[in-house]
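Please walk through the model below with attention to how its parts are held against one another. The account follows the rings, then the core, then the ligand shell.

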Amino acid sequence: MLTGMTKNDKPVLIYDLDKSALLEWVLAAGQPKYRAGQIWQGLYQNLWDSAEEFTVLPKPLREKLAEDFTFSALQPGRILNSADQETTKTLFWLPDQKAIEAVLMRYDRRRTLCISSQAGCAMGCVFCATGQMGFKRNLSSGEIVEQVLYYARMLRDEGLDVTNVVLMGMGEPFHNYANVMAAIDRLNDPEGFNMGARRFTISTVGLVPMIRKFAAEKRQVNLAISLHAAEDERRSALMPVNRKYPIDELIQACREYVEITGRRVTFEWALIAGENDTIDEARRLAALLKGLLCHVNLIPLNPTQKYAGQGSPRERVEAFAGVLERAGIPATIRMRRGMDIQAGCGQLATEAGG
Ligand code: SAH
Ligand code: SF4
């Protein structure tokens, strides 16, 4: 709640406010309703990031804006550019000295952001740098939104915009469900940032109850599931969450999702040499996904400090993809972007000790 805020309170991050909370603040300040619309536009269309820029507002209101809110929770730390300049990774420090990361990937016609939903992650996937550091905390909706605004401002200076956002940075988005959805809703708003739901992709480790909840909401946001193994024993060893939500239950929830929404599910598969990259495993995967409206992304594992596994060599990746193709399962091989700048999930924050 914003009412009753005193100067001693920690300033509120302005991107944490939805439209109605902003309106409430404007009315509490004794100002007409339309001022809320002007502030919203300033934030999400003009991408203003300081109260001084709001010259459309009367001075006292501008001063109150500066007093009651902060316009940035993210302090950029290390910024790394890949050798080809197409991938930029930024480490951000949060006000409580936790670190998160967000990555910009430039393609021919797309600018895709990979953003974080949590500092650290509680899911403990053994191959993942974020999982290896454990859970720190959930990000607020505003902290998720600000990652997008940060890059949107950078791109705007080049006459470009953000075309896609994937929640594949640090953290498990479905473990911070409400804040992730609030952030997407805020960025969706046609009177504000106006980024369509179809341009967002949520990647989940496979929290079955949340997949069901997400399906029931019939959002147009894309859904990706990190599968990585087609047998429970192997998947549980790689991803402890599988002990709670085993493969059959997970795939069943995916089938229901497709039925309810009519939308395709993407499966992520990090190929680990000698572990989950065999022809047999590809056949098991093909059997598992038979008849399901889906797509498989194959990505050679990005090696991390605390896991001995290595990425599969190219010919293995191709052989694996070949099995899926022959079984009629659409699959794409994705070579990881920004390998030279450790653009893999959580790797930069691990280095910074955040
Ligand atoms: N927590 C969510 C989203 C963040 S992880 C999830 O797990 O889906 C984003 C993707 O990167 C997931 O598919 C995850 O399995 C994958 N990933 C994590 N560490 C990786 C690594 N070292 N190499 C390749 N992919 C990795
Ligand atoms: Fe968390 Fe995703 Fe990493 Fe697993 S892969 S530890 S769910 S961030």
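**Rings, core and ligand shell**

Trp48 has a relative accessibility of 19%, and because buried means under 20%, this residue counts as buried. The model is a predicted one, and every value given here is to be read as computed from it. Phe54 has a relative accessibility of 0% and therefore counts as buried as well.

The structure holds eleven aromatic pairs. In one of them, the rings of Trp48 and Phe54 have their centres 4.9 Å apart and their planes at 75°, and because an angle over 60 degrees counts as edge-to-face, the pair is assigned to that class. A pair of aromatic rings is described by the distance of the centres and the angle of the planes. Phe214 and Tyr257 form an aromatic pair of the stacked kind, with 5.9 Å from centre to centre and 10° between the planes. Since Phe214 belongs to helix 7 (residues 208-217) and Tyr257 to helix 9 (residues 247-261), this pair ties together parts that are 43 residues apart in sequence. Both Phe214 and Tyr257 are buried, and ring pairs link these two with Phe174 and Tyr177 into a cluster. A ring also takes part in another kind of contact at Tyr107, where the charged end of Arg110 sits over the ring, 4.7 Å from its centre.

From the rings we turn to the nonpolar core. In soluble globular proteins, nonpolar side chains tend to be buried together. Here the largest nonpolar core has 110 residues, and those with the most contacts inside it are Ile39, Leu65, Phe267 and Val296. Helix 5 (residues 141-156) gives the most to this core, contributing eight residues. Because domain 1 (3-70) and domain 2 (75-352) both give residues to the core, it lies between them.

A charged residue can be buried too: Glu281, which is found in helix 10 (residues 279-289), has 0% relative accessibility and therefore counts as buried. The C-alpha atoms of Glu281 and Arg235 are separated by 12 Å, while the two residues are 46 residues apart along the chain.

Which residues surround ligand 2? Its shell is made up of Cys121, Met123, Gly124, Cys125, Cys128, Gly131, Gly171, Glu172 and Val205. Sorted by character, the residues of this shell divide into five nonpolar, three polar and one charged.

Note on methods. Residues are numbered from 1 along each chain as its sequence is written. Chains are lettered from A and ligands numbered from 1 in the order in which they are written. This is a predicted model: local features need pLDDT of at least 70, side-chain atom pairs count only at pLDDT 80 or more; totals for chains, interfaces and linings use all residues. Side-chain values use heavy atoms; hydrogens and water are left out. A residue is near a molecule or strand if one of its heavy atoms lies within 4 Å of it. Ala, Val, Leu, Ile, Met, Phe, Trp, Tyr, Cys and Pro count as nonpolar, Asp, Glu, Lys and Arg as charged, and the others, Gly among them, as polar. Rings of Phe, Tyr and Trp (its six-membered ring) pair if their centres lie within 6.5 Å; planes under 30 degrees apart count as stacked, over 60 as edge-to-face and the rest as tilted. Buried means under 20% relative accessible area, exposed over 50%, partly exposed in between (1.4 Å probe, protein chains only). Helices (H or I, at least four residues) and strands (E, at least two) are DSSP runs, numbered from the N terminus. A charge sits over a ring if NZ of Lys or CZ of Arg is within 6 Å of the ring centre and within 35 degrees of the ring normal. A nonpolar core is a set of buried Ala, Val, Leu, Ile, Met, Phe, Trp, Tyr and Cys residues joined through side-chain atoms within 4.5 Å. Domain bounds come from an automatic or database domain assignment.
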